Amino acid sequence: MVYGVIGKVKVHPESEWSLLLIKQRAHVGRIDIHDIYKIHKIAVIPLSGNDPGELDLELCRMHHFGIKKASLAEPDGSTGKQIQKKLKSIKIAASENIKPKNKESKDKDKFIKRIMEELVKMFNESDSFYFSETFDLTNSIHKQYSSSYSPKKFLWERVDNRFFWNYHMTKEIREISRDPELWSHWILPVIQGYVQIEHCIMDFKGDKGLSDSTHTPEFGNTKYTAPLEYDIGIISRRNRNRAGTRSKKRGLEDTGACANYVETEQFLEFKPHIVSFVQVRGSIPVYWSQSGYKYRPPPRLDKGRI
């Protein structure tokens, strides 16, 4: 089974389109009633019809209850030798019909393979991509409670496009003009950044001297002795525009996007109340750059007054 569609990607003008799917996820926590997940592993399926190979997908718990993945039995004896002999003859016949590739074609294939491997590695090893099926991770909690925010729209329609990391990868689905109810659930906005949510409990009858009635918190005219539960969390969203390493990307671009812009939100949820505090950071918002990898390369202004 898969948990969502990230989108389609083409890493080279002469390469095939591939579909990226979420095949493993990790539960991070909850905001109100909404579950937040981290992408753990992805699957890449070529859209050309070629065999994608072993995807190693998890079985659906709803439709494969109690069923384990079948293990392939290794052929042995005369049967195994016959199969190996047949496979060898097929490979020899196929190699005779394939024209040898020139150096340029080999370099292109090597480049495409390397980029796809880095793409898969970025998702599987960075632990920096998060999503929710029902909660808008791209907008701060404050914005979601503003009058201009419309929670009745589809999730992809109300997101902040600056933090919608797979925005271009889902373009073809979003441009479908008819029956949005049938396909909108396939669009899963993903953010790049970091999310951590912790569920905390304040027990006033613990072993640290809080059992004394003099230490019991007082709300109004009553003393509260039941444990208090609350959630505290942090969400960092990285802008998909002008993202890069600090020594390579500096300043602004013509659209006004600032290099390495990150919005960090801290929130505290004490049901039914929730409060948040937002901080932003980014490169100095002027046209400037730096060259070299020295500890402190001098900044260079690229544009003056326009």
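In this predicted model, Lys38 has Tyr130 of strand S4 as its bridge partner. The two strands concerned, S3 (residues 34-46) and S4 (residues 129-131), run antiparallel and are joined by two bridges. Helix H2 (residues 103-126) packs on the sheet, where it touches S1, strand S2 (18-31), S3 and S4. The direction of H2 makes about 160° with that of S3.

**The sheet**

S3 and S4 belong to an open sheet of eight strands, ordered S1-S2-S3-S4-S5-S8-S9-S10, with antiparallel pairing. Its edge strands are S1 (4-9) and S10, each of which pairs on one side only. From one strand to the next the twist averages 30°. Strands of a sheet pair through backbone hydrogen bonds, in either a parallel or an antiparallel manner.

At the S10 end of the order, strand S8 (residues 228-238) runs antiparallel to strand S9 (residues 262-270), and eight bridges join them. S9 is also joined to strand S10 (residues 273-281), again antiparallel, by nine bridges. The connection from S9 to S10 is a hairpin of two residues. Glu269 can be followed across these pairings: it is the bridge partner of Asp231, and it stands opposite Ile274 in S10.

**Nonpolar cores**

The largest nonpolar core has 17 residues, of which Ile6, Leu20, Ile22, Ile39, Phe123 and Phe131 touch the most other members. S1, S2, S3, H2 and S4 are the elements that give two or more residues to this core. The contribution of H2, four residues, is the most from any element. These are the elements already named in the packing of H2 on the sheet.

Ile6 shows how the contacts around one core member are spread. Leaving aside neighbours within four places in sequence, Ile6 is in contact with Leu20, Ile22, Ile39, Ile42 and Phe123. Ile6 also contacts Asn166, Met169 and Thr170.

A second core, separate from this one, has twelve residues, including Ile31, Phe135, Leu137 and Ile235.

**Whole-chain values**

The protein has five helices and twelve strands. Of its 306 residues, 31% count as buried. Among contacts between residues at least 6 apart in sequence, 57% join residues at least 24 apart. The exposed surface comes to about 21,500 Å², and carbon and sulfur atoms supply 54% of that area.

**Salt bridges**

Side chains of opposite charge can pair when their charged atoms come close. Ten salt bridges are found in a search of the whole structure. Three of the pairs are set out below.

| Pair | N to O distance | Relative accessible area |
|---|---|---|
| Glu14 and Lys108 | 3.0 Å | Glu14 59%, Lys108 22% |
| Lys143 and Asp160 | 3.9 Å | Lys143 32%, Asp160 12% |
| Arg237 and Glu263 | 2.8 Å | Arg237 0%, Glu263 5% |

The pair of Glu14 and Lys108 links distant parts of the chain, 94 residues apart: Glu14 lies in the loop between S1 and S2, and Lys108 in helix H2. Glu14 counts as exposed because its relative accessibility is 59%, over the 50% limit. Lys108, at 22%, is partly exposed.

Lys143 and Asp160 are 17 residues apart. Lys143 is in helix H3 (residues 141-144), while Asp160 is in the loop between H3 and helix H4 (171-174). Lys143 is partly exposed at 32%, whereas Asp160 is buried at 12%. These two residues and Arg162 are linked in a network of salt bridges.

Arg237 and Glu263 bring the account back to the sheet. Arg237 is in strand S8 and Glu263 in strand S9, with their positions 26 residues apart in the numbering. S8 and S9 are the strands joined by eight bridges, so this salt bridge connects strands that also run antiparallel to each other. Both residues of the pair are buried, Arg237 with a relative accessible area of 0% and Glu263 with 5%; each value is under the 20% limit for burial.

Terms used
Residues numbered from 1 in each chain as written. Predicted model: local features only at pLDDT ≥ 70, side-chain atom pairs only at ≥ 80, totals over all residues. Heavy atoms only, no water. Pairing = 2+ DSSP bridges. Axes fitted to C-alpha atoms, helices over the stretch in contact; angles between N-to-C directions. Contact = heavy atoms within 4.5 Å. Core = buried A, V, L, I, M, F, W, Y, C linked by side-chain atoms within 4.5 Å. Buried < 20%, exposed > 50% of the residue type's maximum accessible area, 1.4 Å probe, protein only. Areas by Shrake-Rupley, 256 points an atom, 1.4 Å probe, with all protein chains shown as cover. Salt bridge = Lys/Arg side-chain N within 4 Å of Asp/Glu carboxyl O.
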